[in-house]
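User: Please take me through this structure by setting each value against the definition behind it.

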Amino acid sequence: MSLLEPISHALAAVLAATHHALEAVGAPPDAAGTWLLGIASLVVLVRLALLPLVVQGVRQAHAAARARPHLRGVAERYQGRTDAESVRAHLDERRAVSAEHGVSRLGCLPVLVQLPVWISLYHLVGDVASGVAVGAMGPGLVSSFGAASVLGVSLAGHGYLGSGAVHLAVVAGLAATAAALSYVTQRFVVAPNTPVDGMPEAMLAAQRIMPVVSAGGLLLAGGVVPVALLVYWVCSSTWTLGQSAVVARWWPTPGTAAAARVTG
């Protein structure tokens, strides 16, 4: 059994329950709109469940930003001192500064905990779109999912070409929307809320090209992944943009352009 299988099965149960709930209130069970709402609802429910980890991540980012100038001062005092006593003292002072500002040695844990969920969600949507039953998403629901179509384009369809102009328009439209949302999030929301003081030039350069790389990757992936995954990416990217904008506006990281804009 894969380590991610329990998560995939839990997510499949949520998707199946959402579909049954929509069907119970009168939504056509095999309609694309029902499945699109199901995917969107799954994204929303997962994101809401992960909000405590997001909050913890924001707190750690703030703590690290407050501690950074003090840690830099400690590093400058011990620069060039490589004897064992100085190294121990340096580490002790770094730990003291981190503890004073609430920086946890497990600061990256919120992100790491979320990764298995994102990977499982990605594989769930991809597997179901490919006709593979996953947990509560049994053969009947998988068949219904595969039969659903947007303007005649199956949610299980792949690629930009091969099924006419409408297929191209739907796939390209979804891929372009996901790419645009990703670019705007990285370029205009995440980057201004990321501390750059003291950041190496190589990391600054990587940060500058990240929005283009992210958007370009989504456009390329649009030619090979199922349409259902493009729908998932649009829903997920929309949430990410909104969540990042809220954080940057009301809880910006100290010492960033976003914080200066708010306080200014």
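**Domains, salt bridges and cores**

Analyst: The centres of domain 1 and domain 2, taken over C-alpha atoms, are separated by 17 Å, and the domain assignment, whose bounds come from an automatic or database source, gives these as domain 1 (1-147) and domain 2 (149-263). The contact, meaning heavy atoms within 4.5 Å, takes 27 residues from domain 1 and 25 residues from domain 2. This is a predicted model, in which local features need pLDDT of at least 70 and side-chain atom pairs count only at pLDDT 80 or more, while totals for chains, interfaces and linings use all residues. Residues are numbered from 1 along each chain as its sequence is written, and side-chain values use heavy atoms, with hydrogens and water left out.

User: What area do domain 1 and domain 2 bury between them, and which residues of domain 1 supply the most of its part?

Analyst: Buried area is the accessible area (1.4 Å probe) that two parts lose on being put together, summed over both, and for domain 1 and domain 2 it comes to about 2,200 Å², with 71% of it on carbon and sulfur atoms. Arg 47, His 62 and Tyr 122 supply 24% of the area that domain 1 buries against domain 2, more than any other three residues. On the side of domain 1 that touches domain 2, the elements giving two or more residues are α2, α3, α5 and α6, where helices are DSSP runs (H or I, at least four residues) numbered from the N terminus.

User: How many salt bridges are counted between domain 1 and domain 2?

Analyst: The count between the two domains is zero salt bridges, although the structure holds three salt bridges.

User: Why is the pair Arg 77 and Glu 93 called a salt bridge?

Analyst: The term asks for a side-chain nitrogen of Lys or Arg within 4 Å of a carboxyl oxygen of Asp or Glu; the side chains of Arg 77 and Glu 93 meet at 2.3 Å, N to O, so the pair qualifies. Arg 77 lies in helix α3 (residues 51-77) and Glu 93 in helix α4 (residues 84-101), so the pair ties together parts that are 16 residues apart in sequence.

User: How do you know whether Arg 77 and Glu 93 are buried or exposed?

Analyst: Buried means under 20% relative accessible area, exposed over 50%, and partly exposed in between (1.4 Å probe, protein chains only). Arg 77, at 48%, therefore counts as partly exposed, and Glu 93, at 25%, also counts as partly exposed.

User: What makes Asp 92 and Arg 95 a salt bridge, and how are they placed in helix α4?

Analyst: Their closest N and O atoms are 2.6 Å apart, so the pair meets the definition. Being three residues apart in helix α4, Asp 92 and Arg 95 are separated by about one helical turn. Asp 92 is partly exposed at 44%, and Arg 95 is partly exposed at 48%.

User: Which residues touch the most other members of the largest nonpolar core?

Analyst: A nonpolar core is a set of buried Ala, Val, Leu, Ile, Met, Phe, Trp, Tyr and Cys residues joined through side-chain atoms within 4.5 Å. Of the 44 residues in the largest one, Trp 35, Met 137, Phe 145, Tyr 232 and Trp 233 touch the most other members. Its largest share, nine residues, comes from α9, and this core draws at least three residues from each of domain 1 and domain 2.
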